[in-house]
Every structure is written in C-alpha cells, then in structure tokens.
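I opened this model today to look up a few things about its pockets, its nucleic acid partner and its strands. Here are my notes, in the order I made them.

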Amino acid sequence: MTDNSPRPVRTRFAPSPTGSLHIGGLRTAMFNWLFARHHNGRFILRVEDTDQKRYDPQALRILMEGMRWAGLDWDEGPDVGGPYGPYIQSERLTLYQKWAQWLVDNDKAYPSYETPAELEAIRKDLESRKLPPGYNRQHRDLTPEQRAAFEAQGRKPVIRLKMPLEGETIVNDAIHGDVRFENARQQDTVLLKSDGFPTYHLAHVVDDHFMEISHVLRAAEWMPSVPVHWQLWQAFGWEPPVYAHLPVMLNPNGKGKMSKRNPPRDAKGNIIPVLVDDYIQAGYLPEAILNFLANIGWNFGDEREIFTMNDAIERFDLSRINQANSAFPPEKLDWLNGIYIRELPVERLAALLREPLERAGFKVDDDRLMKIAPLVQIRMKTLNDVVELAGFFFHDEFEPAPADQLPQKGMTAEQTRAALEQAGAALSALENFTHEEQEAAMRALAERIGVKPSALFNVLRVATTGQAVATPLFETMEILGRNESLRRIQLAAAQLAALIGSPVQPE
RNA sequence: GCCCCAUUCGUCUAGAGGCCCAGGACGUGGCCCUCUCAAGGCCAAAACAGGGGUUCGAUUCCCCUAUGGGGCACCA
C-alpha cells in the first residue's frame, strides 16, 4: 500500500510554467518535498513546458521564487542542475521523439494523421450517435502504404498510444489502494503532438523513468489518466514509480477546485488569493502557509496542528493522507498566520513590516518601526494589518479624526473639550513622558473629573491617533513624543471648541 | 452522457469492529480579563448522508441509493 519500493526515494514537482505558482501546486510540491526529506531522498524540480501556446518566460522565475520563499529546496532542477538533466522538458525533445518512435516501431503506438478539424468532426459524430466522445481509432491499423499516402500529402501526424482493447488496468495507488479501469473505455491518447512536442503523458513517463523517480505524488485530477500512464510503463517495459494521488483542494464553499477564474471567496464574500505570490503580497508568512497546507489532506498524527516543517518531515507518512477532497479553510489560515506572527522575534517582525508599510506609501523610520512592532504584534492576522493599525505613525501630516468622533458615550462635547485641555496640562507636567507615568496621571485625572478611565483614554486615542482602533494609547503617545502628543490633543480640543461654537444644526 | 474518486460538527480533521451516547482545531455564541482592537483564559452549541447486509457488536467491513468532487484536448 505504501512506500515499499526498494529504490532510493526520488520525488519531483513538475509544474508547467504558465503563470505564477498556484497554492494547490505549492501543497503538492510540499508533500513531495516532505516525502523525499523524510526518506532522506532527493527532491527534483522539473519544468513541464511542453505547451508552446501557453508558455510564459516569466513564469519559471516566479515559480522558483515562490518555492524558495516557502523554503522548499530542490536537489536537482533547472537552475541547480544535477546528474539527470536537463530539467526543462523543452530541452529534452529528442528524447521524447526517440521513445515515441520506439513505441511505433514496437507496435505500441501509431501515427495518426487527422487534422484538428477532422478530429472535431469525429468527436461530433461520436457524440451524435450517443457514443463516448473521443477518437475513433481510424488510423490505428493503417498500412504502410496508407501512411505513406498521408505523408505524401504533407500531413504531420501525432503519435497515439495503442491502448489494449480489452481487459482492465489495475493500479495500486499508495493513497487509494487498487483502482481499476476497463481498457475498452480508454482512449488512444496522443503522446507526441504534430509539432514534435510530447504531451504530459509521454513526457512524464519518459522523464520519471530516466530521472529514476520512485514516487509520484500528484493531484487526484490525474487519476483518470492513470490507465494510460500505466499502459505506457508496460509498453516500455519500465518499472513504474509508486503513484499517490493527493486529494484536491476545493474552494472554501467546497464547490469546485481552487482556480483563478471563478475566484474563491471566504465566508464574508471576500475574494481570497489563489496564487502564492498573492499570499506573499497579502502578508502571510511562509511558515504559516506551509503549516496550514500540511493540515489539509494530511495530519500530524496526534492532535497537534501547529508544527514546524522539521517536525513534519520527521512524521510525514503517506498513510496519513486523506482520500477525500477538502475545502480550503481561509479563517484557519488567518488564525495560524496570527500565531506565527506572534512568535516572530520583534526585530524580524519589524523588518517584515517595512514592505507593506512602504507599499502603502509611507516613509518608514527604522527606530520608530522597532518601537511599534511589539505593539502591533498580537493584533495582526497578516503583515498588511499594520497599515490600518499603525499607519498613522508614518503619515507625513497628521490626519485628525472628525471632531464628532471625539466625545465618548455619555460625554458632551464641552466635557470632552475640557477633559482634553486638562489631560494636556497634566501630561505636559509629567517629569518623564513614559507610558507608566502617563497612565497614572490620566487615571488620576479621570477620577478627578468624574469620567470613566476608558472613556478618557478613548478620547485621547482618537485625538492622538485619529482613529478609534489603534495601538495602546500610552505606548503610542510615548512613541509619538510629548510635543507631538500635546499638539494633537490641543488640536482636538480646538476642533471641539469650534464645533461647540458653531451654530447648532436644527436637528 | 460515460468513467474514476470520495462522503464524521458550518469548515479542517481524529477515529483503522467494542476504548465513541464520537476527540481536537478554526469559526460561532457566552463569560472573564481589559484604555480601543486584539491576544489570553474558561464554558457552550455543533457531525458518523440514507437504506440494506456481515457480525454477539458497526463511524469503522460489503452492497445499493443519494450527494459532492474530479476527469473525458495535438493543456498540464
């Protein structure tokens, strides 16, 4: 059922570089990486760029950056090389062509000369006759003369696999156990396209063989093509790897798999990212993302849900991978990310906070950031939360809140104005402008003027930060400094004075 | 339409015949703490899809139904 292959463990992640790394792809990569590391094996990165129509030259770079960000290091790959290279399929074309020809020569595959339009017509015809759509195998047994005739027309054939017409293909999947397919229902799948490029089916079998891949952990979407792959291994007479089909990560609502078109949404209806790059931009930590991903479709074994990748490597085991697909739980990611943020050393947090702040257009002062970091640390789910929470620290010019937001529940504008004045006076009289001294003074003041401390503090918070929700008041004022704090308090008092002085709106 | 895979609280999951009147976590609700917001602590509600078998005994094994997902390209 599991990894009883005697071969040294070699796994691979083989994305096609058609865009940025998909979060589901990262999970697949992670499982392969975890498995290889657990068995002291090798983890290979291979690029499946056999679709010229979808090729994106930027994608490979972005993809590797995403993997590195996550900390999934590969032992062999396009940039690091290795003894089984090249690791880019478009650089291995002659290999695929050679083995495709070998299959033809050994009667395991055949050239098929239809044009796309003809294939379309065949499909339509099959469908109209209520037969399974696909290819009707009309070129499966062409004579050499017939083939020559097509060649003479200048037609470029594809190479198709000669699928057995009867019997069944039974494949033992490491996660699902025996899976059986009726051969008669399978297609004569295209192995080599007319442009000389292989399809995934051919390319991955050839590569996995020559790269000596021992275990293929891939998304369950591939399961339907397993019989084709298995027959290919048989046709070549090569030892197949152990296949393990991973459960698919579905949208949060469980409807459909995560994809860029048809973007997934959380419970509140917010769009949640699909691409790893977007998670980076959104302020998620790699440790949190990996830990989160590891808990979807796999579990640690005891009741721990928070663990390091080293712990996961130690524990990783195919038998703990689920068979059922699962919905992506965004709230859980936020929770985990918050935990990882809280565990960060402050210096590290401060360093990480810089980018979202600068992206929001702020000029960031290092000293100030170091002081702010511990204040925001327990209040964030993502790094980006710093902008809303503490962005006011970095405004070039202070943006006061509207005056009507200053008075707290049960306080009149005049009361509030007076409280502000007195707070200013008391604060300016402080020997040291530390948060401890401030708090003592403000509590005393609250009692003296007969308002609840929380009400007074909230007034001051709105006055000094310009927002109702912010970092703790006294620490905040300490960072702002006495002059700036007093200035803002006076400004607020003046705002209120103006408000009171202005003619009262009739209702 | 055909094929494949699956089905435990809203969600992620534990459970591999009796330990389960089903455990953990997120989220939700309540309480506590509290200068806002958080964080933290405590408590609560919340699930074995349905029906047949097998068995002394099924969440666990088998079958059927239902539901969900995936796949049916010269894309991967």
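**Entry 1: the largest pocket.** I started with empty space, keeping in mind that this is a predicted model. The largest pocket holds about 1200 Å³ of space. I then asked which residues lie closest to its centre. Of the 40 residues lining the pocket, those are Pro-15, Ser-16, His-22, Glu-221 and Trp-222.

Next I checked which elements build the lining. Strand S1 (10–13), helix H1 (23–38) and strand S8 (215–219) each put at least two residues into it. Which of them gives the most? I found that H1 does, with four residues. Sorted by class, the lining of this pocket has 16 nonpolar residues, with twelve polar and twelve charged ones beside them.

**Entry 2: around the RNA.** I moved on to RNA strand B, which has 67 residues around it. The ones that come nearest are Gly-297, Asn-299, Ile-378, Arg-379 and Arg-443. What part of the RNA does the protein meet, backbone or bases? Of the RNA atoms within 4 Å of the protein, 70% belong to sugar or phosphate, and the rest to bases.

That sent me looking for contacts to phosphate oxygens of RNA strand B. I noted three side chains:

- Arg-443 has a side-chain N or O atom 2.3 Å from a phosphate oxygen of the strand.
- Asn-322 places a side-chain N or O atom 3.3 Å from a phosphate oxygen.
- Gln-323 has a polar side-chain atom 3.3 Å from a phosphate oxygen.

Arg-443 is thus in my notes twice, as one of the residues nearest the strand and as a phosphate contact.

I also listed the elements that supply at least two residues each to the surface near RNA strand B. Among the helices are H4 (116–128), H11 (330–343), H17 (453–465) and H18 (473–480). The strands include S4 (158–161), S6 (177–182) and S11 (326–327). By class, I have 27 nonpolar, 17 polar and 23 charged residues on this surface.

**Entry 3: a sheet with S4 in it.** S4 had come up at the RNA surface, and I wanted to know its neighbours. It belongs to an open sheet of three strands, in the order S3-S4-S7, with antiparallel pairing. Strands S3 (109–112) and S7 (190–192) are the edges, each pairing on one side only. Direction ignored, neighbouring strands of this sheet are turned by 45 degrees against each other on average.

Last, I looked at how S4 and S7 are joined. How many bridges link these antiparallel strands? There are two. I also noted that Ile-159 has Leu-192 in S7 as its bridge partner.

Methods: Residues numbered from 1 in each chain as written. Chains lettered and ligands numbered in written order. Predicted model: local features only at pLDDT ≥ 70, side-chain atom pairs only at ≥ 80, totals over all residues. Heavy atoms only, no water. 1 Å grid on protein atoms, 1.4 Å probe; cavity = no way out; pocket = protein on both sides within 12 Å on 5 of 7 lines; lining within 4 Å. Points joined across faces, edges and corners; volume = space filled by probe spheres on them. Nonpolar A, V, L, I, M, F, W, Y, C, P; charged D, E, K, R; others polar. Near = heavy atom within 4 Å. Polar contact = N/O pair within 3.5 Å; in protein donor to acceptor, adjacent residues only side chain to side chain. Pairing = 2+ DSSP bridges. Axes fitted to C-alpha atoms, helices over the stretch in contact; angles between N-to-C directions.
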